[in-house]
Amino acid sequence: MKKQKKTWKEYMWILSALYLFLGLFNVLFAWLGLLCFTIPLAMAILGKGKSYCNTYCGRGQLLDLMGNKMKLSKYNNIPKFLKSKWFRYGFLIFFMTMFINMLFMTYLVFNQTNSLKEVITILWTFKMPWKVANVSMVSPWVAQFAFGFYSIMLTSTILGVVTMLLYKPRSWCVYCPMGTITHIISKAKYKENM
Ligand code: SF4
């Protein structure tokens, strides 16, 4: 059988990997990660269901690549509790609370209550001072948002990789907050069109 030619959509993982890599050298690249929030939401709202997850998500592809092609995954079944509604929705609520907290921290820097903290926070707990790039060319709140957002992206990537190592390659997708939100929107749209 003739091998199907790969399309550009199958290389989105390169953008995801590049994003994380560039962010380490200049945290301002973190702003680009907003595309990973807005595009899946817009697609789901426009009735495209989960086509972002199925076709365009670079992180999903990256986990697939590491788990399947590089054989890093243990291929265990993901524990039932991670698949349960209460965990997926609970994690979404927790994730959104942390996201709003990050926006609030950005606001405090914007209104000059707080000063810029050049710190990357891993797993919402471990704080690493990160002064690799000079961010003085932008307003402090712009840099603060970048530090906060990059911390979220790095944290979710770490969770995704750990889940990939322990279970099946794309197990993170079971409780990924973006996946849960697009699932909720798609379900609502489906009911709306019935
Ligand atoms: S569930 Fe999350 S990580 Fe998985 S494909 Fe969808 S957006 Fe990407």
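In this predicted model, Y75 counts as exposed because 12 C-beta neighbours lie inside 10 Å. Y75 is found in the loop between α4 and α5 (80–83), and its phi is near 65°, a positive value in a residue other than glycine. Most residues other than glycine have a negative phi. W124 also has a positive phi, near 60°. This tryptophan is found in the loop between β1 and β2 and counts as partly exposed, because 15 C-beta neighbours lie inside 10 Å. Two further positive phi values occur at K71, just after α4, with about 55°, and at L123 in the hairpin of β1 and β2, with a value near 50°.

**Neighbour counts**

The table sets these two residues beside two that are treated further below.

| Residue | C-beta neighbours inside 10 Å | Class |
|---|---|---|
| Y75 | 12 | exposed |
| W124 | 15 | partly exposed |
| L62 | 23 | buried |
| C176 | 27 | buried |

**Overall architecture**

The chain contains nine helices and two strands. From the N terminus on, its elements run α-α-α-α-α-α-β-β-α-α-α. The radius of gyration is 18 Å, close to the 16 Å that the globule rule gives for 194 residues, so the chain is as compact as a globular protein of that length. Along its principal axes, the C-alpha trace spans about 60 × 40 × 30 Å. Of the 194 residues, 27% count as buried. Contacts between residues at least 6 apart in sequence join residues at least 24 apart in 79% of cases.

**The hairpin**

Strand β1 (residues 119–122) and strand β2 (residues 126–129) pair in the antiparallel sense over four bridges. Within this pairing, I120 has M128 of β2 as its bridge partner, and T121 stands opposite K127 in β2. Three residues lie between the strands of the hairpin. W124, described above, belongs to the loop between β1 and β2.

**Helix α4 and its packing**

Helix α4 covers residues 58–69, and its buried residues are R59, G60, Q61, L62, L63 and G67. These buried residues pack against α1 (12–25), α3 (51–56), α7 (140–166) and α8 (172–175). L62, which lies in this helix, counts as buried because it has 23 C-beta neighbours inside 10 Å. Leaving aside neighbours within four places in sequence, L62 is in contact with W13, S16 and A17. L62 and W13 are 49 residues apart in sequence, yet their C-alpha atoms are 4.9 Å apart in space.

**Nonpolar cores**

In soluble globular proteins, nonpolar side chains tend to be buried together. The largest nonpolar core of this model has 13 residues, and those with the most contacts inside it are Y52, C53, L63, W172, C173 and C176. Helices α2 (34–45), α3, α4 and α8 each supply at least two residues of this core, and α8 gives the most, with three residues. Apart from this core lies another, of 12 residues, among them V27, V135, M153 and L154.

Two members of the largest core can be described individually. Leaving aside neighbours within four places in sequence, Y52 is in contact with I39, P40, M43, C57 and T182. C176 is found in the loop between α8 and α9 and counts as buried because 27 C-beta neighbours lie inside 10 Å. C176 and G160 are 16 residues apart in sequence and 8.3 Å apart in space, C-alpha to C-alpha.

**The ligand shell**

The ligand is surrounded by P40, C53, C57, R59, G60, W172, C173, C176, M178 and G179. Helices α4, α8 and α9 (177–192) each supply at least two residues of this shell. By class, the shell residues divide into seven nonpolar, two polar and one charged. Several residues already discussed return here: C53, W172, C173 and C176 belong to the shell and are also among those with the most contacts inside the largest nonpolar core. From helix α4, R59 and G60 are buried, and both R59 and G60 are part of the surroundings of the ligand. P40 and C57, which are in contact with Y52, likewise appear in the shell.

Note on methods: Residues are numbered from 1 along each chain as its sequence is written. This is a predicted model: local features need pLDDT of at least 70, side-chain atom pairs count only at pLDDT 80 or more; totals for chains, interfaces and linings use all residues. A residue is buried if 20 or more other C-beta atoms lie within 10 Å of its own, exposed if 12 or fewer, and partly exposed in between; C-beta atoms are placed from the backbone. Two residues are in contact if their C-beta atoms, placed from the backbone, lie within 7 Å. A residue is near a molecule or strand if its C-beta atom, placed from the backbone, lies within 6 Å of it. Ala, Val, Leu, Ile, Met, Phe, Trp, Tyr, Cys and Pro count as nonpolar, Asp, Glu, Lys and Arg as charged, and the others, Gly among them, as polar. The radius of gyration is taken over C-alpha atoms; the globule rule is 2.2 Å times the number of residues to the power 0.38. A nonpolar core is a set of buried Ala, Val, Leu, Ile, Met, Phe, Trp, Tyr and Cys residues joined through C-beta atoms within 7 Å. Two strands pair if DSSP finds at least two bridges between them.
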